[in-house]
Number of protein chains: 2
Amino acid sequence: MVSMIEELTRAEIEEFLGRQVIGRVGCHLDGLTYVVPVIFAWSEGCAYAYTVEGQKIRMMRGNPGVCFEVDEYLPGGSWRSVIVQGVYEELEGEGAAKALSLLAARFAGRPAGSGRDSAPPRGEGRTPVAFRVRAGDITGRKVDRATP
Amino acid sequence: MVSMIEELTRAEIEEFLGRQVIGRVGCHLDGLTYVVPVIFAWSEGCAYAYTVEGQKIRMMRGNPGVCFEVDEYLPGGSWRSVIVQGVYEELEGEGAAKALSLLAARFAGRPAGSGRDSAPPRGEGRTPVAFRVRAGDITGRKVDRATP
């Protein structure tokens with residue numbers, strides 16, 4: 001089977017990020033690289049997320065240059081991945097409200113349990129934090145395989 | 001709905017890594033953090049992968065201290081994630097053969113297209129590279145939600 005890796009166009013990247021909900025943030029501080037999954041909503045060149053204080057937030061505050069990665073593997077062997085080089089920006093007030101609103105809108109209409117009620121952070125008393133990753137360079141790749 | 005984040009036990013982590021096939025490697029070199037998905041097979045404290053030369057291989061050769069992340073989100077809102085702090089080790093000869101054998105065994109019995117034939121790298125002439133991430137610290141978390 002021949003399967004070429006192709007670059008995603010900017011339009012394909014936008015479409016992909018707009019329909020995905022799980023991404024991974026990669027950050028680095030003091031010699032440690034850390035990758036952690038986040039639920040996100042993509043809007044106007046930024047990935048918005050809402051989480052609780054913890055290791056990733058401490059690290060991104062210390063070094064806001066982060067990587068944001070989203071991928072999708074389908075049963076037939078097709079896949080897509082997008083890698084964003086971006087900057088961590090913590091959100092408060094109106095910014096945090098915008099993040100929550102985007103996440104709520106992103107999950108509206110999804111089945112219970114997969115969406116709105118799983119977007120808010122579950123931190124047992126830890127401080128909630130809203131943030132966005134403002135995208136700089138974005139690259140995307142795909143392999144499309146016809147199902148036999 | 002109350003949903004507690006729980007730590008995974010070592011046995012749960014082993015079970016989880018043993019049945020997952022897509023992970024993400026996070027690496028860092030010269031101020032750049034990079035996260036990229038890889039198909040892997042877990043064996044005896046190492047994630048084995050087979051890919052082609054490119055940015056992630058160049059970066060891991062330059063700084064072998066990497067993070068390896070695997071997650072799973074289920075439709076009901078349950079999820080698991082495992083984060084490994086590890087060391088990149090490039091494999092040649094018998095080591096590379098072992099990686100290929102583990103990946104082939106991992107995918108044996110899977111439906112065509114999702115497995116054996118998608119494990120080998122598709123690099124259009126780029127040099128194939130086998131490697132493993134040897135795990136140091138491993139942590140895992142889960143939320144189990146009963147479906148209503």
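In this tour, a residue is called buried under 20% relative accessible area, exposed over 50% and partly exposed in between (1.4 Å probe, protein chains only). The model is predicted: local features need pLDDT of at least 70, side-chain atom pairs count only at pLDDT 80 or more, and totals for chains, interfaces and linings use all residues. Residues are numbered from 1 along each chain as its sequence is written, chains are lettered from A and ligands numbered from 1 in the order in which they are written, and side-chain values use heavy atoms, with hydrogens and water left out.

**Stop 1: chain A**

Select chain A and colour it by secondary structure. Three helices and seven strands make up its secondary structure; helices (H or I, at least four residues) and strands (E, at least two) are DSSP runs, numbered from the N terminus. Traced from the N terminus, the order of elements is β-α-β-β-β-α-β-β-α-β.

Next, display the surface of chain A. Its accessible area, from the Shrake-Rupley method with a 1.4 Å probe (for residues, only the protein chains shown count as cover), is about 6700 Å², and carbon and sulfur atoms hold 53% of this. Of the 148 residues in chain A, 53% are buried. Contact is taken as heavy atoms within 4.5 Å. Among the contacts in chain A that join residues at least 6 apart in sequence, 74% are between residues at least 24 apart.

**Stop 2: the rotation axis**

Select both chains. A turn of 180° with a shift of 0.0 Å along the axis lays chain B on chain A with an RMSD of 0.0 Å, the superposition being by least squares on the C-alpha atoms of residues with pLDDT of at least 70 in both copies. The two copies are therefore related as by a two-fold rotation axis. To find the axis from chain B, select Gly26(B): of the residues of that chain, its C-alpha comes closest to the axis, at 3.1 Å. Both copies use the same surface, since 100% of the contact residues of chain B recur in chain A.

**Stop 3: the interface**

Now select the residues at the boundary between the chains. Here 36 residues of chain B are in contact with 36 residues of chain A. The buried area, meaning the accessible area (1.4 Å probe) that two parts lose on being put together, summed over both, is about 3100 Å² between chain B and chain A, and carbon and sulfur atoms give 56% of it.

Four salt bridges are counted between chain B and chain A, each a side-chain nitrogen of Lys or Arg within 4 Å of a carboxyl oxygen of Asp or Glu. Select Asp71(A) and Arg24(B) to see a salt bridge whose closest N and O atoms are 2.8 Å apart. Then extend the selection to the network of salt bridges that links Arg24(A), Glu69(A), Asp71(A), Arg24(B), Glu69(B) and Asp71(B).

**Stop 4: the cysteines**

Which cysteine sulfur is nearest to that of Cys27(A)? Select Cys67(B): its sulfur is 8.5 Å from that of Cys27(A), which is too far for a bond. With a disulfide defined as a pair of cysteine sulfur atoms within 2.5 Å, the whole structure has zero over all chains. Cys27(A) is buried at 0% relative accessibility, and Cys67(B) is buried at 0% as well.

**Stop 5: strand β6 of chain B**

Select residues 79-91 of chain B, which form strand β6 and include Gln85(B). Gln85(B) has 19% relative accessibility and counts as buried. Beyond its neighbours within four places in sequence, Gln85(B) is in contact with residues of both chains, among them Leu32(A), Thr33(A), Tyr34(A), Cys67(B) and Arg134(B).

**Stop 6: salt bridges within chain B**

The structure holds 30 salt bridges over all chains. Select Glu89(B) and Arg132(B), whose side chains form one at 2.7 Å, N to O. This pair links strand β6 of chain B to strand β7 (residues 128-143), its members lying 43 residues apart. Glu89(B) is partly exposed at 22% relative accessibility, whereas Arg132(B) is buried at 18%.

Add Arg134(B), which forms a salt bridge with Glu89(B), the closest N and O atoms being 3.0 Å apart. Because Arg134(B) lies in strand β7 and Glu89(B) in strand β6 of chain B, the pair ties together parts 45 residues apart in sequence. Arg134(B) is partly exposed, with a relative accessible area of 37%.

Finish at Asp144(B) and Lys142(B), a salt bridge with its closest N and O atoms 3.4 Å apart. Asp144(B) is partly exposed at 39%, while Lys142(B) is buried at 9% relative accessibility.
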